[in-house]
Structure formats: structure tokens, C-alpha cells
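Got the viewer open? Here is a short tour, one selection after another.

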Number of protein chains: 2
Amino acid sequence: MSLQHPPLHTVHVPLGERAYDIVIAPDAIDSAGEHLAEMFPGARFGIVTDENVAAAQLPRLLRSLDAKGLMHTEIVVPAGEASKSWDRLHTVAEAVLAARLERNDLLIALGGGVIGDLAGFAAAIARRGMDFVQVPTSLLAQVDSSVGGKTGINSPHGKNLLGAFHQPRLVLADLSALETLSPRHFAAGYAEVVKYGLIDDEDFFFWLEANFNEIAHGGPARAEAIARACAAKARVVTADERETGDRALLNLGHTFGHALEKVTGYSDRLLHGEGVAIGMALAHRFSARLGLAPSQDTGRIEAHLKNAGLPTTLADIPGDLAPTETLMDAIAQDKKVSRGKLTFILTRGIGKAFIERNVDPAAVSAFLEDMR
Amino acid sequence: MSLQHPPLHTVHVPLGERAYDIVIAPDAIDSAGEHLAEMFPGARFGIVTDENVAAAQLPRLLRSLDAKGLMHTEIVVPAGEASKSWDRLHTVAEAVLAARLERNDLLIALGGGVIGDLAGFAAAIARRGMDFVQVPTSLLAQVDSSVGGKTGINSPHGKNLLGAFHQPRLVLADLSALETLSPRHFAAGYAEVVKYGLIDDEDFFFWLEANFNEIAHGGPARAEAIARACAAKARVVTADERETGDRALLNLGHTFGHALEKVTGYSDRLLHGEGVAIGMALAHRFSARLGLAPSQDTGRIEAHLKNAGLPTTLADIPGDLAPTETLMDAIAQDKKVSRGKLTFILTRGIGKAFIERNVDPAAVSAFLEDMR
Ligand SMILES: NC(=O)c1ccc[n+]([C@@H]2O[C@H](COP(=O)([O-])OP(=O)(O)OC[C@H]3O[C@@H](n4cnc5c(N)ncnc54)[C@H](O)[C@@H]3O)[C@@H](O)[C@H]2O)c1
Ligand SMILES: NC(=O)c1ccc[n+]([C@@H]2O[C@H](COP(=O)([O-])OP(=O)(O)OC[C@H]3O[C@@H](n4cnc5c(N)ncnc54)[C@H](O)[C@@H]3O)[C@@H](O)[C@H]2O)c1
Ligand SMILES: [Zn+2]
Ligand SMILES: [Zn+2]
């Protein structure tokens, strides 16, 4: 295949017969037709997207598919986390069947993490499993949710509790799509980029600090940051596809973060990445308090997140925060509590996160009370 | 493990890391607690069953789990094909979450094919995949649906169009459970037993003819028939887990059968196995008409199915049958029609079925018209 504009970066996810590439390029959407025609001859495509992305990016994708004469149908859902619901999944799955897409045809998830999770799950269950392609258009989706095969929807019992492991056949991360993403969502996605540095790669964190200006303004460092984040995620996923071990490290900042998202109603009050930013700051602060990590690391992390426009403390959340007791309930629901202990991702400093299964809930509760 | 009553037969399904055993015994339910306690230490169990089976067989299972001190919760749905629905799947999946069953806990599907398909699908999606155990209580489920990992529900667009491949960890086929199954459902399940002989094992078919009396009355030949059928299914599934090739042979009789089920509204007018019986007779008759198979084989097959209390002709279906045109529409919907041709399982005689992708719809239509 000779693409007009070769991709800037390609990251391979070596999952055996489920292996796939992540193509990172400014025109990944414009060259989608070329990629898909070559990889899936004769297939038809069901494009799942949300109303915002349909307005901002769908026309580019349609032009690209049409230029190669690929058959397609569009399934557009409302934007927002509420679309990760049982009813919406049903609508999408039945629309796939109504369009008579067969097991050799594909779904394309064009959008942020909500669309990737929803469309990926629909692909997992329609006709007992159809192939799908991720075309992530938010920074969060490009560096995190589109890679690794976790798909799903929310339940009244909690986030992402219904779903499937279903790997995409290809990920096309289009850098120009980020131009139409809101700055607030860009910042939220950036929290997940920082996360990879904090987990196990201090060099990456230092590099992010040094190159933040260019990343924020769309220079070559942005593509590199995305590629390095994807490579980090690919590495963890490859080592532990079904999260029976180290994949849990990716939850750094997420136990606090999920609890904060829950008590703020999964609303615009606090985006997922914003919750993660606060959660990472808290995880470092808590580790320092336990004497595990140097406290100057916490300060350095908070400064960088703030510089990127992200919240880092409970006080940064607009409105009245629920009482500590309610936060603790949310934490206990998120994580399996075994023999009265909590599992947390703690850290020995920047790039030195680890899984700790023996965290005392009373210590967490006292810590949160002090942080208010 | 030393079971009080060792299983009569154990069939292994060698699917690598998804391998499992099918245990066939008169008291498989009574020894379930022993098996489960040994295989899944510390796990809790969500038992999914229907109202009929809850009355007839659930008490035995509960006694067995209680004797081993295993924690369990019950999820009971109405009996019948209508439970393979989107709404019912939701009820079951949310009940699993409400019971706080975790990824290390298990679902148990206690019932016929409807329960196996529904509970297996719920297990596939709850918490992105929980393990489950099949405890099939109908003959059809024991010889067919509980083995092979196809799970799913129906859509307005067709049967089994939403689902997942999700292998059970263990299958416990309890022979005594068949005592409370209606004779009509026993006969319907027997059609699938005969099918294995017709596909590729004429010796098995002849053996079934010779031993039918004992099979019908519950002697040792019944256990052997079930074990041989499971072994046949296991062989096909192992060779082609995701039905990309020869697994399609298991659809012998099912193209006609599904069309007849559809036009009779998936109702008590025609059970799945009854449709398969007529479908197998028609597939043989059609193959004979094409000069592919000896017509005395058709007669012999029909005689045996009739002897087992099964219908073999269109006229055997109670009520007015839909016109041939409607049947042809149903056939075209069931199978992918490529370049105007139909895919059918045809045969060169007893034990000599093959996949034919080039069947002329006009020939099928003329044949069906003559069969009325
Ligand atoms: N599957 C995983 O591994 C994984 C990992 C992390 C997060 N997630 C999930 O991802 C979701 C969050 O993802 P998200 O932040 O991308 O949310 P999102 O999909 O809601 O996108 C954020 C907003 O940006 C809009 N948008 C996206 N791309 C745009 C573009 N190029 N131009 C204009 N508008 C655009 C969307 O319409 C939406 O309003 C959560 O549901 C979370 O659970 C999943
Ligand atoms: N997954 C697969 O590979 C596969 C293969 C073949 C069929 N199927 C599916 O299986 C279903 C048909 O299975 P089925 O015929 O077992 O239907 P079923 O589950 O509805 O059972 C038939 C009837 O018998 C009752 N019953 C079952 N066991 C009983 C017992 N021991 N005592 C008293 N009553 C009992 C049930 O309540 C029901 O009324 C269909 O939905 C079909 O699509 C799936
Ligand atoms: Zn996240
Ligand atoms: Zn069948």
C-alpha cells in the first residue's frame, strides 16, 4: 500500500491473532478509505458516531470512503456519557442488523471514548462478534480508550460494568481532528498522557514537562506524545490483555477519580480526565503521607497538571463536594474490598507506581478529610 | 477428587486455555456442589433458571450446593423462547450486578437451551466476562446447546442475532433431570442426536436405530447416545470454534427448520427440534432429487424419526402452512445469499453431509412446492 501521506507514527499492538496497528497521522481520517479498502476488500462499513463528531469530522470520513467506493451507513447517537447505556446499545445493535451488515462487514467507531466503548461493545455482540475499527477523535480516546479492547456501557450499579473485551482490527488516530475538540476535553485527555509517565516512565514525564508548549499548540511533539502514550498502553495491554495483573496499574489516579466522578454525577462538573488529574495528585500526596514517596514529586506533578489547565485538589471541583463518608462509599463500591482492605495504585515517586492490596480504609478516610 | 458416584461418561472439549469437561451422569446435579467446590474455591454462584426447571430441578441443585456450604443466589425467568430477549438479558445482567457477583464468581445455567443461551450471554457481558457452568436439563441442551460456547438472544431481525462466543468452564449433564422433561421436548432433542449420525457417522445412526427402545426408556444406551452426541459436537467445535468452516455442517436440517420455525412464529406449533427433524428429512429428499443421494436413505431416516415421535413432512405441521414464497423469504433471510445462490447442507447419503454454496433458489422453491 502506498499512502499519499505516510503516517507519522505507527504503533503495533502484538496480541497474536488479535494484533493490530495504531496509525497516528494528521490525515488518518482522509486516508481511512485507502487503509480500509486494502485491509477489508468487499466489506461494508457501519459508522457509529455522536452528534458533535458527526458535525465536525464525519464529512471527512465519508469523503474518504466514497473516494474508494466503499459502502457505508451511519448510526448517530447523542453526545455524552449518557449514551453508554443499555437502551443506546440496543439502538445501535439493532441498527447494525437493520442495515444487514454481516459478519464480514465492519463497524467504525468515530468519536471519543464514549463512542469507542459503545460501538466496540455493539460490534462484540452483533452476530456474535463483528470486526471494528477505532477512529478516535478526542485526545483521551487516542491515547487511552481506543487501545486495548475494553468496551462497555454503564449500569445503575456502576461505570463500565457491562461490556466485553473486543480488540479493534485497526486504530486510526487523526491529529487534525483534535483541532475541533474543546480545550477542556483536550486537557482532560492530557491527564491520561501524564499518567503513563507517572506509572513507570519518569523520562516521559520530564519530556512532557519540557515539551508541553509544543504539545498544547499542535507541533510535532504532540504526535510524539500521543505515539509514546499509545506505545505505553500497548505494552501494558500486551502483557496483561484481560487485566488479571499489571494492567491494573493503568488505574493510577482512577480510584479517587471514579469516586469523584460518581459523587458529581458523571456530569460536566468533572470530566473523567479531570477526576483522574485530581486522583493522581491525591495518590501521590497519600503515598507521600505514608512515607512511601518524596513530597517534592507531588508538588512537581501538581504544577505540571495545573499548567495544563487541570484541577489537582478537591477544592478545584465546582460546587459543594459530598461528605467524605459518601466518597468512601463510592471508593468501596469501585474496588473489591477484600477482608476489609482496599486495593489502590500507590507510588514511590514519579514513574514508580505499584499495586497495593492492603490499604486501610480508615487511613484513606482520614486523608480525604484533611484534603478538604 | 473422589465423587460418591463417578460420572458415567466424561467428554473433554480440548479448546486450549478454554478447554472443559462435559460430565454425564444420573446424579450430575447432586454432585454439582462437589465439582464446583473443588474447581472454584471461594467462588459464589448465581443460578439462572426458568420457572419450570426451578420447580422440577432447582431444589436438587440447591441441596447439593448447600451441602458444600457454597454461597448462591437465584435468578428465575419465565420459561420459553421469549426469554431470549433484550429485556430479559438486561434483567439477568443487572441481577448479577445487584447480587454483587464479581469476576471470580460464576453463573450457573440450569435449564434447557433457552437458559443456556441467555445465561451464557449474560455471563459474557457482566463485568466484561464472568465464568459460567452449564447444567443442561433438556435433551437438546445436553447434546447440543450446552456445548460449544454459542450464546445469545433473538432480535426482531432474526434468531440468535445478538450474542457472544463464550465457552463454559464445565458442563454437568444430569440424566435423571430428563425424567421431568416432557416427552415432546425429549423427542425434539432427539432430532439433534440423530443429526450427528446423519452428518458424518452412519455407524452412530445405525446404532441409534438398533438401540432406540433403550434410549427412549432411559437405559444405559441413553447415556451412551448423549455421550456420543456430545463427543461429536465437541469434535466439530474444536476443529472450528468460531464457525468459519466445517462447524456449519451442524446446520444440517436447520435452513429448512429455521424457516419453518419462523413462519410458525417460534411457537409451540413447531419446536426447534421438530423443525430440524422435518428439515433433515427435506435436506435428504432434496439431495436425492438432485441425484446426489440414494432415496432409500431418505425413507430409512424418515422411518426412524417417525418412530421417535417426530414430524418429517410439511403436512405434519398443525394448522395452515404459509405459502412457499413466504418460506423462501425466510430461507433467504436466514442464510447469506451470495450472487443469487443459497448455501445449504446437502448430503450423499446417511453420514455423508457436505456444505454446498451454490444452490439455486428456484430449485428449492419448486421442491418445496411439490412437498406441500
Ligand atoms: N475503553 C477504555 O479502555 C477506556 C479508557 C479510558 C476511558 N474510557 C471511557 O472514555 C469515555 C470518555 O472519553 P472522552 O473523554 O473521549 O469522552 P467523549 O466521547 O464524550 O468525548 C468528549 C466530548 O468531545 C466531543 N468530541 C470528541 N471528539 C471531538 C472532535 N474531534 N471534535 C469535536 N468534538 C469532539 C464529544 O462529542 C464529546 O462531547 C468515558 O466513558 C470513559 O469511561 C474508556
Ligand atoms: N447455543 C447453541 O449452540 C444452541 C444449539 C441448539 C439450540 N439452541 C437454542 O436452544 C433453545 C431450545 O432449547 P430447548 O429445547 O432446551 O428449549 P427450552 O430451554 O425452552 O426447554 C424446553 C422446555 O422444557 C422445559 N424444561 C427443560 N428442562 C426440563 C426438565 N428437566 N424438567 C422439566 N422441564 C424442563 C423448559 O422449561 C421449557 O419449557 C433455542 O432457543 C435454540 O436456539 C442453541
Ligand atoms: Zn481513565
Ligand atoms: Zn438445532
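**Stop one: helix α5 and the annotated site**

Start by selecting A:Val114, which sits in helix α5 of chain A. Keep in mind that this is a predicted model. Is A:Val114 buried or exposed? It counts as buried because its relative accessible area is 16%, and the cut-off for buried is under 20%.

Now widen the selection using the record. An unreviewed UniProt entry carries a "binding site" annotation that takes in A:Gly113, A:Val114, A:Ile115, A:Gly116 and A:Asp117, along with A:Thr137, A:Ser138, A:Lys150 and A:Lys159.

**Stop two: ligand 1**

Select ligand 1 and show what surrounds it. There are 25 residues around this ligand, and those that come nearest are A:Asp50, A:Glu81, A:Thr137, A:Ser138 and A:Thr180. By class, the shell splits into 10 polar, 8 charged and 7 nonpolar residues. Colour by secondary structure and you'll find that α2 (51-56), α5 (113-125), α6 (139-145) and β8 (158-165) of chain A each contribute at least two shell residues.

Next, turn on distances. Which atoms of ligand 1 pair up with A:Asp50, A:Thr137 and A:Ala177?

- A:Asp50: a polar side-chain atom is 2.7 Å from an oxygen atom of the ligand.
- A:Thr137: a polar side-chain atom is 2.8 Å from a nitrogen atom of the ligand.
- A:Ala177: here a polar backbone atom lies 2.9 Å from a nitrogen atom of ligand 1.

Switch to a surface view for the overall cover: ligand 1 taken alone exposes 860 Å², and the protein buries 89% of that.

**Stop three: the zinc ion**

Jump to ligand 3, a zinc ion. Its protein donors are A:Glu192 (OE), A:His254 (NE2) and A:His272 (NE2), at 1.9 to 2.1 Å. Along the sequence, the donor residues follow the spacing E-x61-H-x17-H. The two histidines link distant parts of the chain: A:His254 belongs to helix α10 (residues 254-263) and A:His272 to helix α11 (residues 272-289), both of chain A, 18 residues apart. Click on A:His254 before leaving; this residue is buried, with a relative accessible area of 6%.

**Stop four: a loop in chain B**

Finally, go to B:Asp316, in the chain B loop between α12 (295-307) and α13 (324-334). At a relative accessible area of 38%, B:Asp316 is partly exposed. Look for the polar atom of its side chain that lies 2.8 Å from the backbone nitrogen of B:Thr312. Then add B:Gly279, 37 residues away along the chain: the C-alpha atoms of B:Gly279 and B:Asp316 are 12 Å apart.

Terms used
Residues numbered from 1 in each chain as written. Chains lettered and ligands numbered in written order. Predicted model: local features only at pLDDT ≥ 70, side-chain atom pairs only at ≥ 80, totals over all residues. Heavy atoms only, no water. Helix = DSSP H or I, 4+ residues; strand = E, 2+ residues; numbered from the N terminus. Buried < 20%, exposed > 50% of the residue type's maximum accessible area, 1.4 Å probe, protein only. Polar contact = N/O pair within 3.5 Å; in protein donor to acceptor, adjacent residues only side chain to side chain. Donors = N, O, S within 2.8 Å, 3.2 Å for Na, K, Ca; no water. Near = heavy atom within 4 Å. Areas by Shrake-Rupley, 256 points an atom, 1.4 Å probe, with all protein chains shown as cover. Nonpolar A, V, L, I, M, F, W, Y, C, P; charged D, E, K, R; others polar. UniProt positions renumbered as here; feature names shortened; annotations may be inferred.
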